[in-house]
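Got the viewer open? Let's take a short walk through the model, one selection at a time.

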Amino acid sequence: MKPLINIIIGLILLTPLSGVCSVDDIEVRGIVDARTHYSDGPRSWLNQGSGVYRFDESNNGEILLSNISAELKLKTSIDSTIKIAAHYYPSQTKGFELSEAYWQYRPLSSNTWKGKYRVGAFYPSISVENRGRLWTSSQMTSFSHINSWIAEELRIIGAEGHWSHKINRQQKLGFFASAFWFNDPTGAALAWKGWSNHDRQTGLGGHLPLQAAPGLRATANEQANSFAPFREIDGQPGFYLGLEWSQARAHKIQLMYYDNRADDTMFKDGQYGWRTRFFHLSAHKQLTPQWQVYGQYMNGYTVMDRNFTDNPFQSAYITLAKKQGSHRLALRLEHSRIQDRDSTPEDSNQNTGNSLTLSYAYLLKKSWKLGLETNFHNSQQRRRMYWNESQNAREKQITASLKYFF
Amino acid sequence: MKLGYYLSLALVIFSSSALATITVSMKTGAKQINLPGAVVWAIPKDKTAMSNTKSAVKDMEQINRQFKPFIQVSQRTNSIRFPNRDETAHHVYSFAKGNNFELPLYKKAVPEPIAFDTAGVIPVGCNIHDWMIGYILVVDTPFYKQFSNETLTLEALPHGEYEIHLWHPALSKKENLKQTLNYSGQADINFHLKHKVRNIEQPRPPEQNIDDDQDY
């Protein structure tokens with residue numbers, strides 16, 4: 001944890017802070033989110049269960065302080081910004097954890113080409129769902145399977161370049177590439193936990209609970225009883241490459257390939273390297289000024305300890321959303337799978353999940369937002385047999401949230 | 001013959017004194033059209049007719065993440081100021097030949113005006129907000145005006161020979177928008193346009209609510 005934080009702070013200090021900063025150039029924004037819910041299904045994965053949500057039956061009907069998040073944006077010059085984002089999930093984290101901390105440089109280059117560079121720890125810009133403040137969805141409370149997984153295990157700790165070329169007044173073609181470190185155990189939570197629907201973003205250096213199964217004891221080295229996705233295990237950088245086309249912020253399509261290039265035979269401080277590779281496709285289309293449709297598709301696989309675990313995975317969702325004045329309405333349908341290709345019976349990770357989410361939100365006066373959401377989730381997960389549970393689970397949840405934006 | 005789009009620039013000149021008034025209108029076919037912001041300027045052949053009086057500094061504001069006005073016009077060597085009225089920073093620039101500039105404008109910043117020395121069109125953008133676009137037209141004459149409705153009047157023009165120009169970003173670059181006028185009385189000039197007037201409006205900024213992230 002310490003080396004990681006030192007590296008991030010070091011990277012940020014390398015930025016040209018010499019520019020004149022006035023108080024006007026600092027922005028602090030955040031969200032305080034209080035919720036109540038009714039859940040039906042297995043215990044939450046955050047509560048050592050196999051359920052897909054953040055909260056479970058154990059606190060049905062209680063009013064919970066769900067999270068407090070804040071971000072700081074500091075302009076060190078007109079083309080250079082430092083952004084730091086932190087999240088606190090009472091009862092699920094000990095305090096605030098940094099979720100992003102990076103320097104962004106956007107120089108003025110020419111009429112037709114624009115470059116944008118980021119150095120530090122950040123999300124790759126691939127989510128068409130989480131376009132809201134602090135990497136949340138402005139339409140929904142919960143994230144899709146894909147974005148829940150990204151929130152859990154995927155963060156870029158390194159550098160990214162993004163170059164876009166203006167084809168004409170409306171259209172742009174973009175390319176992006178990144179080299180990163182500290183993402184070697186990524187894939188562990190996906191294989192050993194499966195796909196989920198929640199909104200918990202793992203902090204840099206943070207841990208996630210791991211429900212022990214026989215497979216954990218069968219590994220050559222002793223896996224810690226928690227996931228720590230942001231670790232460097234083999235010293236090798238990973239990379240991603242992408243291509244995107246957009247038209248006047250109304251239509252966007254993007255293709256990306258990610259490979260963490262982790263050495264899956266290596267083990268360090270209780271965590272294995274998981275070689276994780278995937279293709280990711282996302283698209284967003286504004287149908288009318290009010291209606292939009294967007295979705296993401298991911299196809300890849302993760303391997304640990306020379307095929308001790310070898311799990312191809314796929315996930316896709318599509319959301320139809322309406323935004324009119326203060327009203328937001330959205331319907332999301334998703335289907336996800338994990339196949340088990342290895343021959344390790346004590347580590348069977350096969351998982352299929354179908355999820356339907358219907359959400360309505362209303363912007364109240366000034367800085368308040370009221371959200372109502374219902375989710376139905378049917379899943380088949382072979383790992384549940386290790387805890388003498390039925391492999392099939394039907395889960396449902398109704399959530400009411402009141403958010404304050406500052 | 002197929003009826004194409006054309007624009008007629010009708011000039012009615014009152015030559016009762018040494019100073020004339022020109023009334024200008026635009027037409028497609030027989031119908032008058034309204035293209036607000038379009039600029040008409042008259043360059044006299046006799047340069048002594050140009051009284052080089054410096055007009056006041058003009059503004060091109062950034063307000064609600066848009067340029068205001070969308071089209072600004074200025075006489076060569078006069079100045080334009082770019083005040084930022086927003087609660088966010090703008091990085092205003094242009095790569096126009098001879099008139100290129102770059103202005104870092106933090107919240108509510110009011111910078112020193114910029115004098116533009118080269119006549120021509122200056123497309124202005126913001127490096128932070130991609131959709132922001134505005135135009136400055138620098139003309140080498142004090143005789144210019146912008147349409148605000150269907151007719152335009154250029155006043156107090158000394159008698160003589162002029163080049164009359166018309167410009168708007170919606171008008172095709174292939175059009176001939178320049179004609180010469182040598183008048184001694186009343187004159188009508190028609191610009192017959194062979195190309196369609198494009199539907200170019202100032203792009204609207206994306207909606208910004210408390211739950212949106214500006215970076216997307």
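Start where two parts of one chain meet: 6 residues of domain 1 of chain B are in contact with 8 residues of domain 2 of chain B. On the domain 1 side of chain B, the residues touching domain 2 of chain B sort into 4 nonpolar and 2 polar, with no charged ones. Keep in mind as you click around that this is a predicted model.

Now color the two parts separately. For domain 1 of chain B, select 12–50 plus 145–182; for domain 2, select 58–139. Taken over C-alpha atoms, the centres of these two domains of chain B are 25 Å apart.

Next stop: strand β17 of chain B, residues 151–158, where you'll find Leu157(B). Is Leu157(B) buried or exposed? Leu157(B) counts as buried because 20 other C-beta atoms lie within 10 Å, and 20 or more is what the buried label takes. While you're there, pick Ile80(B) too and draw a C-alpha to C-alpha distance: Leu157(B) and Ile80(B) are 24 Å apart in space, with their positions 77 residues apart in sequence.

Last, bring chain A into view. How many residues does each chain put into the contact between chain B and chain A? Chain B gives 17 residues and chain A gives 19. To see part of the chain B side, select β11 (90–94) and β12 (101–105), since each of these strands supplies at least two of the residues there. By class, the side of chain B that touches chain A has 9 nonpolar, 3 polar and 5 charged residues.

How values were computed
Residues numbered from 1 in each chain as written. Chains lettered and ligands numbered in written order. Predicted model: local features only at pLDDT ≥ 70, side-chain atom pairs only at ≥ 80, totals over all residues. Domains from an automatic or database assignment. Contact = placed C-beta atoms within 7 Å. Nonpolar A, V, L, I, M, F, W, Y, C, P; charged D, E, K, R; others polar. Helix = DSSP H or I, 4+ residues; strand = E, 2+ residues; numbered from the N terminus. Buried ≥ 20, exposed ≤ 12 C-beta atoms within 10 Å, placed from the backbone.
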